Every structure is written in C-alpha cells, then in structure tokens.
Amino acid sequence: MSEQRFQILSFDGGGLRGLFSAAVLAELEKDLGVVLTDHFDLIVGTSTGGLIALALGAGLRPPELVEFYVDRGPDVFGRGRSVIERSCRAKHRPERLRHALQDVFGDRTLGSSVKRLVIPSYSLDLHDVYLFKTPHHRDLVRDRYEKLVDVAMATTAAPTYLPAFRLRHNRLVDGGVWANNPSLVGVVEAVSLLGAELGDIRILSLGTTDEVTNLSSQLDHGGLLQWGRAGAGVLLRAQSMGAFHSVQHLVGKDRVARIDPRVPAGLFRLDKIDRDRVRGLAEGVSRIETRTVQPFLEHRAAPYLPVPVTPPRDD
C-alpha cells in the first residue's frame, strides 16, 4: 500500500439524482466487500453531493443514504409552487428539507466528522465562494462548530428551487453555482492545506448522470428566450467539464476516474426522478465500474484526527 498516495472522493450536485451516486456507492461496497471511505483521505461534495459527503462524515453508510433518497425525497420535493408563483418565488419551501436533515444529523457538528470534508457554497453578501471545512488544519477554526444540518441547507440551496439559506446573517446558496463538480476544489485543498504533491493525488469523481441535450442552432443567434431555457444546463455542464479537465491536466488522466453515465434529455430532473430507474441504472453502471474503483483500494487512508482547539492565550 502506498504511504504517499492521497485519495479524494468527489460528489457532484444534482438534487434527487444524488440517489444515483448513493446507489453506486452501495453497490460497489457490496461487490468489493469494503467500506470505500476507508480508502479516501478527503471527501468533497456540492449540493446533493455535499449532503452525501456530510452523511459519510457522520458515519452513515451508503445503503442508509439510498434509503434517505427513496423515502424522504418525494416528501422534500413534493408539489412545488405553480409556474406563475415561481416567476417571483423559489419553487420549494425549505422546511421539509430541514426536517428530513434534522432526522438524519440531529445536532451533530462539522467538527464531529470522521473524515476530512470540504463543502462548497456561495455567499450572496460577500459575492464570493464560501467553503465549509472540517478542522483538518490549524487555520480552520470556526466551521467545526457549524451544525451539519446548516451546512447541508447552505450547499443545497439551489437558486429558483430553494431560497437562500441564512447562516446567522450570511445569505448562502448552492455551491453548484460555481463548483457543481468539486473535484478541483479537492485538489486545491489537498495541495494548499494538506501538503499533498500533485503526483501523489488520485481522484474518484461521481456525477449524478450526464444529460445529453441537443443544443439547437437557434442558440447561435438566440436572445433571452432561447438562452433562458438552455443557459442553466450549458453553464452547469461547462463549469463541471472545465473543472474535470483541469484536474486531469494537473494530476494526470490516469490518476482520475469519473463515473457519470450519459442519459437521454429529460429522463431525470433535479426535483423529480423515477427512483426505480435511477437505482437500476446505478446497479448496471456499478457492475461495469468495479475495475475502475479497484485500484483505489490499494491505498488505505490514515485515521483522520481533527486539529484540537487551541485555547486562547492568557497574556
């Protein structure tokens, strides 16, 4: 086993499609007979991927995550506001999501995580990225006290779907607006704060399915109407692919594995999916990707020990 290797597990955003990522993890663990998180030194996740990362850090296992998406997903994203109401209000109210998260996480804090975590969000007040981090470096002080529920609410507050989340006085929205694929965030963290060398990094990146959309030639000279319909999907996929290719260039293509199968346009939505079909897709994909994941098992992550709180000086 490599003593130098540093492995990152990365989870994309995608709403209820996070069921795919959770189900793939569950199937891989069953087939390989392992606890996959034992083999990763850092976990990063955005939006629904952030929820998965937080749950793994809290000690939940993938089958429990699958159960969460299957049982609570329809309730969290029930019937939303009408199209007319959505023109000026978020589609869904946040109370159901918070209640479901409270049932899972209780009052646990980020400092209680058993794995190093980085969870992206975005601050509307700072006009800047906002990263929640476990106390895995001496400079990371405040976030250890944040409740997992609050971190999950911040990273999943997808514009137009859920309202911005207020963390005390700071307005935060979904990290997917800038890091829907957070693998590059993981590389930056590994190198800048955790002292990893680029050549020692290995990354397993899990998407939530890649929708194949026909981009009409009307976009070539399109205005607000044409780009208003297609723009969000183009921007999300563009920044996701940009992050992925950047990571490949930084650490090498042979050190990055991505599981993100293409699916037809309109098959799954952020707030509405066919749960059986998603799980069937995950079962099929995991059979194919077992060999992809096996090399990651050559490394076993050292136990994560949070940096202790430094008492204030008395002088």
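Two strands pair if DSSP finds at least two bridges between them, and helices (H or I, at least four residues) and strands (E, at least two) are DSSP runs numbered from the N terminus. The structure is a predicted model, in which local features need pLDDT of at least 70 and side-chain atom pairs count only at pLDDT 80 or more, while totals for chains, interfaces and linings use all residues. Residues are numbered from 1 along each chain as its sequence is written, and side-chain values use heavy atoms, with hydrogens and water left out.

**Exercise 1. Determine how strand E2 (residues 42-45) is placed in the fold.**

Step one takes the pairing: E1 (residues 6-11) pairs with E2 in the parallel sense over four bridges, and Val44 is the bridge partner of Ser10. Step two turns to E3 (residues 117-123), which pairs with E2, again in the parallel sense, over two bridges; here Leu117 is the bridge partner of Ile43. Step three adds the connection, since E1, H1 and E2 make a right-handed β-α-β unit (with the strands pointing away from the viewer, the path from the first strand over the helix to the second runs clockwise). Step four examines the faces of E2: Leu42 and Val44 on one side, and Ile43 and Gly45 on the other, are all buried (under 20% relative accessible area, with exposed over 50% and partly exposed in between, using a 1.4 Å probe and protein chains only).

**Exercise 2. Compare the span of helix H3 (residues 62-76) with its expected value, and locate its bend.**

The expected span is 1.5 Å times one less than the number of residues, so the 15 residues of H3 should span 21 Å, and the 19 Å between its end C-alpha atoms agrees with this. H3 nevertheless bends by about 30 degrees at Val70, with Pro74 following within four residues; the bend is the angle between axes fitted to the seven residues ending there and the seven starting there. The buried residues of H3 include Leu65, Phe68, Tyr69 and Val70, and their cover includes H1, H2, H5 and H10 (contact means heavy atoms within 4.5 Å).

**Exercise 3. Decide whether His127 is buried or exposed, and describe its backbone.**

His127 is found in the loop between E3 and strand E4 (128-133). At 64% relative accessibility, His127 counts as exposed. Although His127 is not a glycine, its phi is positive, at about 55 degrees. Arg168, in the loop between strands E5 (165-167) and E6 (170-174), likewise has a positive phi of about 55 degrees without being a glycine.
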